[in-house]
Each structure stands twice: as structure tokens, then as C-alpha cells.
Amino acid sequence: MVKSELIMRLAEMNPHLYQRDIERIVSTIFEEISTALARGDRVELRGFGAFSVKQRAARVARNPRTGEAVRVTEKHVPFFKTGKELRQSLNEGPSGSPQNEAAAKA
Amino acid sequence: MAGNTVTRAQLSEAVYQEVGLSRNESADLVESVLREIGESLVKGETVKISSFGSFYVREKGRRIGRNPKTGEEVPILPRRVLVFRPSHVLKDRINAETSQDRE
């Protein structure tokens, strides 16, 4: 599913709304999450998951082609941790089985 | 870095400010977006949001794990995990803005 398909599905569920409003809603949500992460904030959506920013230390890497050492500066990378409910439903779905989650926890 | 936590409440507020629906309906729509993404993933579909990132499901095989406390071997059954792959746009934004903060 891509963003435009998500918008279409939401439009079908909400026939009283204009499609352009649904587009703005979807864009606003992802824009808010991105802005929060860019500020260094965490975004916690219970049941779905949490977005956070992890710091990667500066390191000396190697250019794989030339073997030359290159300095890589400190970086920040976005990270997503799946929420408990979503993780459980993934394993109760058609190809997963419910006892897997119980075994993973044990 | 600010270190605050953004939740559904702030996302709903942003939708409310941006679109002019009621607060309740804004909250319902935020919920619908998350639910649609979740349902799509449970079906095994990949969800791609341009300039944000993509979510996909990875099938993990059976392997032998170990209880770190007792050292006992335990089988880890095959399971499905969700992976988020951030887009370049998002990665670049996070690096541009967070590093400016510290300067």
C-alpha cells in the first residue's frame, strides 16, 4: 500500500469528507512525526509503535573500493520499535500462529 | 535535543489545526490512519509513505536462543517482525536539524 492508496481507503470510509482534506490529514500526520524526530523528540503511538532518533558515533570507516580510511562524522538515525499489540497481531495473522508470541515471551 | 514525547494527542491537535474538523473527528482520523497501516501490514503488505519511509514484514525462521539468566537453550519459533526503513528525505532531515541544534 502506498500513500495514495491509504488516502483512497480512508476516503471510502469517510464519504462525508473531501479527498483533499484526507490528503492533508495524512500529510499532516507524517509531517508532525518527521518534525518531531528532526527536533530530537520521540513519537509514541501506543499499540502501533514508537519512533525515536538514535545517535551513531563518529567512526573511521573504509572506502571498500580503495581501502582508504575515511572519517565518518556522528550521525542521527530514525528508529522504529513495533508496539506490543501490532507485534502480536502480526503473529496471529494468516501466516503466523498465536502460540509463537507466547513462546517468544517465555 | 529537546527529548519530549509526541503522542496521538499532538498528532490529533495538528490535524485539528490544519483541517478544521472537530477535535473528536481529528482524533478518529489519526486512529484510522494507524489502523489501516496496521491492517495492511498484518495482511503481509508493504506500506510505503513517500518522503517518510516504508514498513514491511519480515519472516524470521526458527532458531535456538538462550535464556540469558539460566543459560538454558530455548527454541525461538518462526515469527513475523515489522521493519521500518526510513526514507532518505527523513534521514537527511534528522541529520540536518539535529546537528544544527548542537552547534
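Two strands count as paired when DSSP finds at least two bridges between them. Keep that rule in mind for the hairpin in chain B of this predicted model. Strand S4 (residues 63-66) and strand S5 (residues 73-76) of chain B clear the bar, pairing in the antiparallel sense over 4 bridges. Ile64(B) shows the register: its bridge partner in S5(B) is Pro75(B). Between the strands of this hairpin lie 6 residues. In the hairpin, Gly71(B) takes a positive phi near 80°.

Chain B also holds an open sheet. Its 3 strands run in the order S2-S3-S6, and the pairing is antiparallel. Strand S2 (47-49) and strand S6 (79-86) of chain B are the edge strands, each pairing on one side only. From one strand to the next, the twist averages 25°. Look at strand S3 (residues 53-60) of chain B. S3(B) pairs with S6(B) in the antiparallel sense over 8 bridges. To find the register here, start at Ser54(B), which stands opposite Arg85(B) in S6(B). In a regular strand the side chains alternate between the two faces of the sheet.

Now move to helix H1 of chain B, residues 8-19. H1(B) has 12 residues. From first C-alpha to last it reaches 16 Å, close to the 16 Å expected at 1.5 Å a residue. Which residues of H1(B) are buried? They are Leu11(B), Ser12(B), Ala14(B), Val15(B) and Val19(B). These residues lie on the same side of H1(B) because they cover an arc of only 160° around the axis. The face turned away from that buried side carries the exposed residues Ala9(B) and Gln17(B).

What do the buried residues of H1(B) pack against? Elements of both chains take part. Chain A supplies helix H2 (19-39) and strand S1 (42-45). Chain B supplies strand S1 (5-6) and helix H2 (23-42). After H1(B) comes Gly20(B), with a positive phi near 75°.

Finish at the start of chain A. Met1(A) lies in the segment before helix H1 (3-13) of chain A. Is Met1(A) buried or exposed? Its relative accessibility is 8%. The cut-off for buried is under 20%, so Met1(A) counts as buried. Its contacts include residues of both chains. Setting aside neighbours within four places in sequence, Met1(A) touches Leu6(A) and Arg9(A) in chain A. Across in chain B, Met1(A) is in contact with Glu36(B), Ile37(B), Ser40(B), Glu45(B), Thr46(B), Val47(B) and Lys48(B). Val70(A) is 69 residues from Met1(A) along the chain, and their C-alpha atoms are separated by 39 Å.

Technical notes
Residues are numbered from 1 along each chain as its sequence is written. Chains are lettered from A and ligands numbered from 1 in the order in which they are written. This is a predicted model: local features need pLDDT of at least 70, side-chain atom pairs count only at pLDDT 80 or more; totals for chains, interfaces and linings use all residues. Side-chain values use heavy atoms; hydrogens and water are left out. Helices (H or I, at least four residues) and strands (E, at least two) are DSSP runs, numbered from the N terminus. The expected span of a helix is 1.5 Å times one less than its number of residues. Buried means under 20% relative accessible area, exposed over 50%, partly exposed in between (1.4 Å probe, protein chains only). The arc is that of the directions from the helix axis to the C-beta atoms. Contact means heavy atoms within 4.5 Å. Axes are lines fitted to C-alpha atoms, for helices over the stretch in contact, and angles run from 0 to 180 degrees between N-to-C directions.
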